[in-house]
Amino acid sequence: MNQKLPPLKLLHTSDWHIGRTLYGRKRYEEFEAFLTWLAETIQQNEIDALLVAGDVFDTSAPSNRAQELYYRFLCRVAASSCRHVVVVAGNHDSPSFLNAPKELLKALDVHVVGSSTESPEDEVLVLRNEQDVPELIVCAVPYLRDRDIRVAEAGESVEDKERKLIEGIRTHYAAVAALAEQKREELGADIPIVGTGHLFTAGGQTVDGDGVRELYVGSLAHVTAGIFPGCFNYLALGHLHVPQKVNGSETIRYSGSPLPMGFGEAKQQKSVCQVEFHSTAASIQLIDIPVFQKLERVKGDWEGISNRIIELSATDSQGWLEVIYDGTEVIGDLRERLEAAISGTQMEILRIKNNRIIERVLRQIHEEETLDDLNVNDVFERCLAVHDVSEEQRPELLRAYQETVSSLYEDDMQAE
């Protein structure tokens, strides 16, 4: 073996979703504040390598402002003590968009893997220190799209599809891990192997309204921890927004999203994972992310809501509020009352949900419901009901619709 290397510090983050809005409100100031904090944290903690496990952007066609924040951050980190940045694509990202500046970014030691290819070589990165000594191997596996890992066949059942998806993911990870082990053996170096992934593991925690969508529509395809090769000294996952271990493992983790993606995440402590390697042994520490924009879900009857708003205004809160009224009294002028309650404060109400009105009036016509309350399947099922499609026909139509939606999600709008 080569000479013993000093400890290596790695930072794992994911699911930035730069450009995401919240009920119409743009959040660029929050994204900028987070990226500034992250760059400062990398410098202060003397981080050697940064891993971003997918969903850098919220859409496949990010705005100019979103792109500016991303590239400015990469330039700042490249000029810091951090030697390596590895970015893999998530299901929200455009593979071709992320890959476009790949060769240019490589000059800054920023390694981008936008999509899987037929060659595992493209995903196995041997990263070297200033003395050109190998110090880390990263199996940079991006979000594996359905078409990358499964050949569709006419007439296959949901169970067949799910089995082939799981097997495709397992085979892909086995191939990159085997190559990584081979490279480590050839190097004769006792260095860690780190994997990445953007997927949904069985038992993973989600929160209502967090925007986490099923990856393979029409199939759960939630992988178990046992699918991952044992040679990974740490596995940096993305896709789920709640920070969590997988199957209780210290070294298989979701870092979670750095910003709350919806009001359901308002009370959640966001964090990034700092992993310190002594040879191949990993110790993990969570670093809490500050709150850059306070979100608050206020729920109850009118007295409870009113009292909570008074409490918040007494603290000079600048929070964004979601108000859910579920009192017994029917209040027709709820919005006007709420606007009066926050008048003169720095708070802003982004969403009002009047459950009492919904119960009384919307059983049939759903007038007060907004698209924010429905997912794509709900909308389609409402259409089937409106057009009196028979119950016998609905499952097959819904399945065909889900397949269409899945292909739309997976189409890369940036590709030629």
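This passage describes a six-stranded sheet, a buried strand with its partners, a helix pair and one helical residue in a predicted model. Residues are numbered from 1 along each chain as its sequence is written, and side-chain values use heavy atoms, with hydrogens and water left out. Because the model is predicted, local features need pLDDT of at least 70 and side-chain atom pairs count only at pLDDT 80 or more, whereas totals for chains, interfaces and linings use all residues.

Helices (H or I, at least four residues) and strands (E, at least two) are DSSP runs, numbered from the N terminus, and two strands pair if DSSP finds at least two bridges between them. An open sheet of 6 strands shows mixed pairing in the order 4-3-2-1-11-12. Its edge strands, each pairing on one side only, are strand 4 (110-113) and strand 12 (281-288), and the twist averages 20° from one strand to the next. Within this order, strand 2 (residues 49-53) and strand 3 (residues 84-88) are parallel and share 5 bridges, with Ala53 opposite Val88 in strand 3. Helix 1 (residues 28-44) packs on the sheet and touches strand 1 (8-13), strand 2, strand 11 (271-278) and strand 12, its direction making about 165° with that of strand 1. Helix 2 (residues 64-78) likewise packs on the sheet, touching strand 2, strand 3 and strand 4; the direction of helix 2 makes about 150° with that of strand 3. Angles run from 0 to 180 degrees between N-to-C directions, and axes are lines fitted to C-alpha atoms, for helices over the stretch in contact.

Strand 7 (residues 193-198) is mostly covered, 6 of its 6 residues being buried (under 20% relative accessible area, with exposed over 50% and partly exposed in between, for a 1.4 Å probe and protein chains only). Ile193, Gly195 and Gly197 lie on one side and Val194, Thr196 and His198 on the other. Strand 7 pairs in the parallel sense with strand 6 (residues 134-139) over 3 bridges, Cys139 standing opposite Gly195, and 5 bridges join strand 7 to the parallel strand 8 (residues 234-238), where Val194 faces Tyr234.

Helix 7 (residues 302-314) and helix 8 (residues 334-342) pack at an angle of about 25°, with their axes 10 Å apart. Helix 7 is therefore roughly parallel to helix 8 (angles under 35 degrees; over 145 is roughly antiparallel, 65 to 115 roughly perpendicular and the rest oblique). The contact (heavy atoms within 4.5 Å) involves Trp302, Ile305 and Ile309 of helix 7 and Leu334, Arg337, Leu338, Ala341 and Ile342 of helix 8.

Thr171, found in helix 6 (residues 158-187), is partly exposed, with a relative accessible area of 47%.
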